[in-house]
Amino acid sequence: MLDNDTSNNNCNPQKLPLGDLKFALSGQDGVRKHVPALDEHWVRREKPFGNYICLMSSYDRLKSGAALEEWTFAANICRQDMEFLLGLSQHEFWLYMVYEESAMAAIVTFLQRANPYYRRAEPASENKELEQAIQLYGQLLDLVVRLVMRLCTSQESDAEWISPQQHSTLLYTNYLISVPMLFDLMIAVGDAEPSNVAILRQIFDTVLRLQPEYAKDLKEALAFYESAFLSMQIQVENEGCEGAGAPLDADLETPYDDVVLFAMDCAFTLRLLLLLRPELVEIIEHLRLVQSIANFYDMTVPMLYKNIYMVNPLANSLRWLNETRQQFLLVSRRVISLQMEKGRGQQLVELMQESLSAQTFVVDYQRQYPLEHDMKRLLQTCPNIKNYKVDFVIAGYQKALSSCPSGIMADELASNLDTEEEDNEDEDSSRTPPLPVSSANGTGRDIDLEVTAVLDVLPDLGMGFIRRLLPRYENSEQAIAAILDDNLPPDLAQMDRQEVFVPPDPQDKLQRQTGVRHFNVHDGDRYDVLTQDQPECIIKQGKGLPGGPRNAEQLLDDKRDVKQLKERYQQYALVEESPLENGEYDDEYDDSYEALNEGQAPPVSLLRAKLQSAASNSAYEAPDQDDDGNEDDSSANDSETEPAKRKPADFCENPEAVRARYQQRQLSKYGNRGGGGGGGGGGGGGGGASGSASVMGAPKGQGQSQQTQRSRGQKEAHKSSRANHNRKAGAAFKRSKGMMG
């Protein structure tokens with residue numbers, strides 16, 4: 001416990017520095033001892049300091065609802081902790097900064113998660129909760145800046161002060177202030193107001209004055225930017241080839257938003273750093289940082305712009321990327337201005353000459369800041385510079401701008417987002433730069449003729465590649481010379497030289513003029529109801545047409561054509577009755593057998609009764625009536641032959657005689673097969689009606705009739721040609737093919 005004589009009201013009556021200050025401590029045994037003021041014993045807080053969470057949900061969107069309430073609760077806790085630290089005495093403040101890790105972590109966490117000054121979203125006027133949250137954030141930022149300035153303050157009063165040596169040791173050894181922390185502080189405070197710039201400059205001056213080691217850390221931090229540019233380039237190339245990898249986050253518009261935000265943070269940090277510490281220009285020149293910026297601007301930024309535009313033409317990251325480009329140009333402009341002020345003309349000329357390879361950077365810089373004005377001032381300041389070098393640099397920048405009048409990157413894409421067709425056209429123009437309409441002497445250029453001239457010399461090149469190449473040169477001769485000398489611009493040297501040229505579709509131009517896309521000759525004519533307000537046609541409303549069928553049943557039941565043909569077919573229905581020769585019409589003529597061939601079997605339904613009756617009669621015929629049967633047969637044959645004889649006077653044979661002969665043939669052929677059609681083993685089961693076809697016979701021991709024995713012999717003799725195949729024919733076929741056995 002603290003002694004009463006050394007209370008907080010008068011803890012340093014001798015006005016000793018913080019390193020020499022000690023407090024008397026009385027233990028429970030009454031022994032008094034002196035404990036240094038910067039001893040961990042005096043840290044009495046048990047509750048750790050809270051961590052800050054970001055007000056922005058992500059990507060320029062402020063939190064709302066439950067997330068905003070959670071942020072407000074955490075922000076109030078952080079504000080209480082910051083006010084607690086500011087209310088401590090000097091030795092207690094330094095105790096918490098050195099020994100309480102959560103205290104310093106709260107400050108660092110806030111700076112890392114603070115809203116960048118260039119991305120502060122404005123809340124809606126009717127949202128009072130969000131307005132209060134923004135006011136609370138401003139209070140937190142003010143408290144954190146005051147804490148950082150207190151860390152940089154050596155003397156707070158006559159009795160509370162710290163020696164410069166110990167102050168620098170505490171800051172650098174305990175990592176209370178670091179270069180990344182200073183960079184985060186710059187992005188959080190910014191240069192929106194002159195007072196902010198004055199505060200940041202004061203902090204940087206104090207830190208670098210107290211500890212010179214921070215200058216080395218700044219140099220290492222600037223050297224890190226080259227690795228950062230390379231990392232962003234690799235990430236953009238990989239995502240472009242792999243289709244942007246993982247699925248998008250809910251708040252993520254494109255897979256490249258993180259890369260754009262990181263590039264924008266680097267650009268703003270570099271610009272503010274040069275604004276606060278102009279002497280760093282020598283380190284930047286030594287590290288060739290401007291050349292790295294130019295290469296990143298030329299290689300990565302156009303690719304990033306194209307990839308974002310292909311994913312989402314309306315993404316906010318396109319606007320962020322334009323801000324990043326502007327900041328990189330300002331950084332280069334600041335470096336060039338500082339070099340001119342310090343009279344480093346030779347280094348400036350070399351810098352601008354090396355940047356000529358980055359055509360995108362050269363064109364945009366020449367547009368914003370024409371180089372010829374700076375070179376005139378440079379020649380007045382440094383007359384020892386050789387004029388031909390200056391003229392070469394000026395000519396290179398002017399030629400790059402003149403060869404690309406509409407921009408390397410698709411700036412026109414961002415301004416023409418009204419219709420999808422215009423977007424597609426602008427994207428095509430970004431792939432193929434527009435060709436200039438006039439040459440250097442003011443005459444019009446015939447691009448097709450120049451393409452033909454290049455193809456005559458170099459027929460292996462593609463027409464698309466040649467059309468990309470010609471705008472960079474004044475005529476086809478210079479383009480051919482550049483190809484033969486292998487002295488092409490970097491962006492064209494890596495292109496496919498067999499690229500095919502796809503001419504623009506004239507329908508697209510017509511569509512932009514008329515608003516109608518023609519797929520056939522009738523689109524847009526006077527009968528087109530989609531484009532004409534008053535088309536010259538009848539517009540059907542509702543279902544069906546006047547006088548037409550109301551449903552499918554009426555449509556299928558349409559008999560109008562039949563009614564039209566009714567009168568004509570009624571004429572065919574009128575038959576004149578004439579008296580026959582015999583005086584009557586013979587309606588007993590039966591032609592049911594005329595369509596049958598002689599070898600075709602008759603229908604079973606027509607012959608079944610006759611066949612069964614004939615079979616039954618032949619089975620029960622008595623043997624003693626053979627003579628009578630023969631007489632009857634002879635008489636029947638005589639009677640049959642009589643009608644079969646054809647008279648010479650007959651025009652055709654009598655159909656009755658033809659039918660009789662056919663019936664007789666059928667009876668003689670199928671007569672013995674009646675009685676149920678069992679045949680073979682199943683024939684006996686049909687009863688006694690078919691005795692001639694029965695092979696079952698009587699039970700054993702009773703003897704068999706002559707007909708049964710005859711049927712059995714016939715079946716045994718012809719069994720090879722019955723059933724479902726002919727075994728004799730099959731055996732003969734096998735022998736004919738040589739398959740013996």
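A residue is called buried when its relative accessible area is under 20%, exposed when that value is over 50%, and partly exposed in between. In this predicted model, Glu 323 has a relative accessibility of 26% and therefore counts as partly exposed. Its partner Arg 319, with a relative accessible area of 40%, is likewise partly exposed, and the side chains of these two residues meet in a salt bridge in which nitrogen and oxygen lie 3.7 Å apart. Both residues belong to helix 12, which runs over residues 316–341, and they sit four residues apart, about one turn of that helix. An α-helix has 3.6 residues a turn, so residues three or four places apart point the same way.

Side chains of opposite charge can pair when their charged atoms come close. The pair in helix 12 meets the rule applied here, because a side-chain nitrogen of Lys or Arg has to come within 4 Å of a carboxyl oxygen of Asp or Glu, and the distance from Arg 319 to Glu 323 is 3.7 Å. By this rule the structure holds 16 salt bridges.

Another of these joins Arg 277 to Glu 279, with 2.3 Å from nitrogen to oxygen. Here the two partners fall into separate classes of accessibility: Arg 277, at 14%, counts as buried, whereas Glu 279, with a relative accessible area of 37%, is partly exposed. The pair also belongs to a wider arrangement, since Asp 205, Arg 277 and Glu 279 are linked in a network of salt bridges. A further salt bridge connects Glu 156 with Arg 150, whose closest N and O atoms are 2.7 Å apart. In this pair, too, the arginine is buried, with Arg 150 at 10% relative accessibility, while the glutamate, Glu 156, is partly exposed at 31%.

From charged pairs the text turns to helix packing. Helix 3 covers residues 101–113, and its 13 residues reach 18 Å from the first C-alpha to the last, close to the 18 Å expected at 1.5 Å a residue. Its buried residues are Ser 102, Ala 103, Met 104, Ala 106, Ile 107, Thr 109, Phe 110 and Leu 111. What covers these buried residues includes helix 1 (66–86) and helix 2 (90–99), together with helix 4 (128–151) and helix 6 (179–189).

Helix 7, made up of residues 194–210, contains Asn 196. This asparagine counts as buried, because its relative accessibility is 17%, below the 20% limit. When residues up to four places away in sequence are left out, Asn 196 touches Val 189 and Gly 190.

A disulfide is a covalent bond between the sulfur atoms of two cysteines. A search of the whole structure finds zero disulfides. As for individual cysteines, Cys 54 is partly exposed at 23% relative accessibility, whereas Cys 266 is buried at 5%.

The last topic is enclosed space. Rolling a probe the size of a water molecule over the atoms shows where empty space is left. Searched in full, the structure contains two cavities of 30 Å³ or more, and the largest cavity has a volume of about 60 Å³. Twelve residues line this largest cavity, and of these Leu 18, Leu 21, Gln 90, Ala 159 and Glu 160 lie nearest its centre.

Note on methods:
Residues are numbered from 1 along each chain as its sequence is written. This is a predicted model: local features need pLDDT of at least 70, side-chain atom pairs count only at pLDDT 80 or more; totals for chains, interfaces and linings use all residues. Side-chain values use heavy atoms; hydrogens and water are left out. Buried means under 20% relative accessible area, exposed over 50%, partly exposed in between (1.4 Å probe, protein chains only). Helices (H or I, at least four residues) and strands (E, at least two) are DSSP runs, numbered from the N terminus. Contact means heavy atoms within 4.5 Å. The expected span of a helix is 1.5 Å times one less than its number of residues. A disulfide is a pair of cysteine sulfur atoms within 2.5 Å. On a 1 Å grid over the protein atoms alone, a cavity is a set of points where a 1.4 Å probe fits but cannot get out, and a pocket is an open set with protein on both sides within 12 Å along at least five of seven lines; lining residues have an atom within 4 Å of a point. Grid points are joined across faces, edges and corners, and a volume is the space filled by probe spheres set on the points.
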